[in-house]
Amino acid sequence: MPIGIQTRAHDAVTATVLRKRLLVTTALAPIMLGGLLSLAPEPSLAACTVAGTGTIGALNSGDVATCTGLGNTDHINATGGSNVTVKIGDGTATSLTPAAGIPAIVYDGTSNSTVTFNDQSATSTYSGAVLLSNGSNNNSVTVAAGAVAGGTGNAEAGIVIDNSNGNIVNVRGSAAGIGANTTGLRISGTSAGNVVTVYQGGSITAAHTGVQFIAGGNTLINAGTIFGGFNLGISGSSGIDTVVNSGTISGGINLFDGDDVLTLEAGSTITGFVFAGTGTDTLRFGGNANATFDLGTLGAAQRYQEFEQLAKTGSSVWTLTGTTAFNGATTVDAGGLIVNGALPSVVTVNGGYLGGTGTVGGIVVNNGGMVAPGNSIGTLNVSGSVVFNAGSTFQVEINPSGQSDKIAATGTATLNGGTVQIVPLGAGFLANTQYTILTATGGVSGTFAALTTSGSPLVTGQLSYDANNVYFLLQQIGGFGTLSGLTPNQGAVAGALDQAQLGGASGPLATAINTLAALNTPGIKAGLDDLAGQIHADGRRFVADQADMFQSFMWNAGTQSRGEIVRMTASAYAPEPTDPIGKALNRRRTAPVQSIWFGGYGNWDKVAASDIAFGTNTTVAGAALGVDLWQLPGFAAGLAVGASTGQLRMAARADRIEANTGHAGFYARGEAGGFNLASAISYSFAALDSSRTIAFVGETATASSRANTFAASLGIARPFQTGWGLVAEPFAKADWYATRQGSLSEAGAPGVNQLVRGGSFDLGYGTAGLRGSQRVMMPNGHSAQFGATIAVRHEFTGSAATTTAALEGAPGIPFAITGVERARTVALAGAEVRWDLTAATSFKASYEGAFAPGYDRHTLRGLIRTEF
């Protein structure tokens, strides 16, 4: 800082203000010490001891001096020697307050030694706490949290390093100049290479200057607080001073002469002016955390004055806002520098990157440097020229709307190589789209050496140039069917898209095709799955499954109720019962009676994905009401109606179908020659609402359709009464389901909505197994029956459902899609309980599970039946 400025700064404090500050700072000493000492209700006796060959006033190499307790008055001194250790306090209240004349602790020509002020220690003399002098090199001074190292004398300092090099001072507590005109820490003489670190929570404060550099070549790193009561937080030297700040500096900074460096990191707060002084001084933006800086505070008569250079260091990203007249050199060596304001400086990028939407005076990008305009997509303006050298990178973000990052220069653009790196944002890019990425009013010369894009197998990027512009073009080079590793469903859609392109597809379909072509290989395959619409093929099987749930419930309730038929058959092969249970059963009416039943069912199943299709998950819930209308000896028949709702979901996709279905059925059961015979037929009518996500275009296609299913079942069983009170009943059953669905047209995804043709799906099952049951007498005098079933079911039709569809934008190009195929043979296991609530009313609950590799289904049923 020029002498005139320094003089004006000192004159700014009036005599009255100075007197007040002296009174305040002088009063701080007893307050700080008294407050600290009060922390120990029962202080130990004062004692300074030495472990070694020296004394407290003449320490030798390797000695360890320790002071504890309150009221120590020793001067601690080491002249020459090394590996000396001084400890003030042991975590209990300790004070060291020698008489005035020399600092409390002096290392004179002592090296590789340590001084530690521990928690609850207070060291203070008129001449300061620590003096490292006359070649005391490579020592370490630590002021722990809760400790105070201070000086109370006029113009003295708490810690002094004089004519000594390579020392480290760590401040977590307080280093303080407590008296009038004091300094918190001073480095003087020919000292160099010393590093002072103030940690968060630590402080260096004084009545006059917080930190004073009289010698150059030293470093201050502050994450805590530095305060100078005389409006001078830091005073520099005539040499090189280095200051790194992420904390608070109060009182301003004057670095005076030399090529000084001030580094700001996130959290930096400086009150007062910052004068860099003469020399080539650098203001750096560093650290690891991101931060912002107002360029309006940089320049003559602003807070940050007399700097000749700006530099970006560290991995952080700094954003510059506001406007400045600064036109000195600016370099980016690491991290990111975002210029959203006006910086007339020419920015040289050696590492890291330059971005933003503001204006700079010029750009030079060297090997390892990068320019990435914008704060996402945006334009970086240059009021001058641009140079990209070999090894540099120009990173350009593009979006599906045809927008891109851009450099707009008023001067020339010289391209000496470098790489253009394209970064796509979002989905839905269009092949054959051109982006303008650089303009130069003064002209473009040379070319970039390389181009990197997103890696789409079907689209390549190209750079082109004219007199004033550089362009990037997305261009499709292959068809979808040329991709390897497509599933049959993906291949069917790929073929349809390729035909559509050859036929001159236009409108939304052409946009979707160009969007899909610009994706990478996994993205293209996922997009082909989006377009396939497997959900519609699996929806046909789901309709049949929903009909099966009703048919099975009606069969279980109406033909396998363990009612009169079973009891008649069992009694035909057994003598008159004599046991209490048998007598209770025999008291039940044996003549045919009519009955009515009502119940509900729930089903959920999971089908694993196959090599060609996604897996599915379904849930169904329903209720049914039935009545036995016709009763003859050995024969009964009835009608049933029901309703159900269900949902089919594609595994790993958002596609789904919701179905609401009405059911009506007829069942009959009879007995002949010891065999139970049963049959059932039903008709189901389903209303389907589908939803299919086409993620790569951000659309959802929906549709409504109708489907119906005819079901028929026929079964035979032979019950046997065993000697243990058990009834064993081998059985066999055949089922047939015929589903018919009308055509459907989707809406919501222009161009890629599906037009699905009407079609059918048939299922045939055969089941064989064994049922077992046993009756027991309950406390209410009525019986309960417990049963279990094991069986095997085989699907004879053995094929997955299929659909034939076309895309709305190409209705004349159909393609076939196949749903997921299930295991043809599954194991069935079930359990049930029937409880006679009264002589005429019973409750029945059952569970049935179906299991096979890649498939499982679970069904719960509940039923109440009453006879009349």
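This is a short tour of the structure, one selection at a time.

Before you click, know that this is a predicted model, where local features need pLDDT of at least 70, side-chain atom pairs count only at pLDDT 80 or more, and totals for chains, interfaces and linings use all residues. Residues are numbered from 1 along each chain as its sequence is written, and side-chain values use heavy atoms, with hydrogens and water left out.

**Stop 1: the disulfide**

Select C48 and C67. They form a disulfide, with sulfur atoms 2.0 Å apart; the term stands for a pair of cysteine sulfur atoms within 2.5 Å. By this rule the count comes to one disulfide. Look along the S-S bond: its torsion is about 115°, so the disulfide of C48 and C67 is right-handed. The two cysteines are 19 residues apart and link distant parts of the chain, with C48 in strand β1 (residues 47–51) and C67 in strand β2 (residues 64–68). Strand and helix labels are DSSP runs numbered from the N terminus, with helices being H or I of at least four residues and strands being E of at least two.

Is C67 buried or exposed? C67 counts as buried, at 0% relative accessibility. Buried means under 20% relative accessible area, exposed means over 50%, and partly exposed lies in between (1.4 Å probe, protein chains only).

**Stop 2: the parallel sheet**

Now select β3, residues 76–79, and β30, residues 304–305. These are the edge strands of an open sheet, and each pairs on one side only. The sheet has 10 strands with parallel pairing, in the order β3-β6-β9-β12-β15-β18-β21-β24-β27-β30. Two strands pair if DSSP finds at least two bridges between them. Strands of a sheet pair through backbone hydrogen bonds, either parallel or antiparallel.

Zoom in on β3 and strand β6 (residues 105–108), which pair in the parallel sense over four bridges. I76 has I105 in β6 as its bridge partner.

Follow the chain on to N112, in the loop between β6 and β7 (114–117). Its phi is near 50°, a positive value in a residue other than glycine. N112 has a relative accessible area of 43%, so it is partly exposed.

**Stop 3: a buried leucine**

Jump to L354, in strand β36 (residues 353–356). L354 is buried, with a relative accessible area of 0%. Which residues does L354 touch? Leaving out residues up to four places away in sequence, L354 touches L337, V339, V347, V349, I363, M370, V371, A372, P373 and L380. Contact here means heavy atoms within 4.5 Å.

For a sense of scale, add S174 to the selection: L354 and S174 are 180 residues apart in sequence and 40 Å apart in space, C-alpha to C-alpha.

**Stop 4: three helices**

Select helix α3 (residues 488–502) and helix α5 (residues 521–532). They pack at an angle of about 85°, with their axes 9 Å apart. The axes are lines fitted to C-alpha atoms, for helices over the stretch in contact, and angles run from 0 to 180 degrees between N-to-C directions. α3 and α5 are therefore roughly perpendicular to each other, a label for angles of 65 to 115 degrees (under 35 is roughly parallel, over 145 roughly antiparallel, and the rest oblique).

Show the side chains where they meet: N489, Q490, V493, A494 and L497 in α3 face K525, L528, D529, L531 and A532 in α5.

Next, select helix α4 (residues 507–517). Eight of its 11 residues are buried, so α4 is largely enclosed by the rest of the structure. Those buried residues are L509, A510, A512, I513, N514, T515, L516 and A517. What covers them includes α3 and α5, along with strands β48 (459–465), β49 (469–476), β62 (802–807) and β63 (810–818).

**Stop 5: the hairpins**

Start at A652, in the loop between β52 (635–650) and β53. Phi of A652 is near 70°, a positive value in a residue other than glycine. A652 is exposed, with a relative accessible area of 79%.

Then select strand β53 (residues 656–672) and strand β54 (residues 675–694), which run antiparallel and are joined by 17 bridges. R669 has A678 in β54 as its bridge partner. This hairpin has two residues between the strands, and G673 takes a positive phi near 60°.

Last, add strand β55 (residues 699–717): 19 bridges join it to β54, and the two run antiparallel. Look for Y683, which stands opposite F710 in β55. The hairpin of β54 and β55 has four residues between its strands, and G698 in the turn has a positive phi of about 70°.
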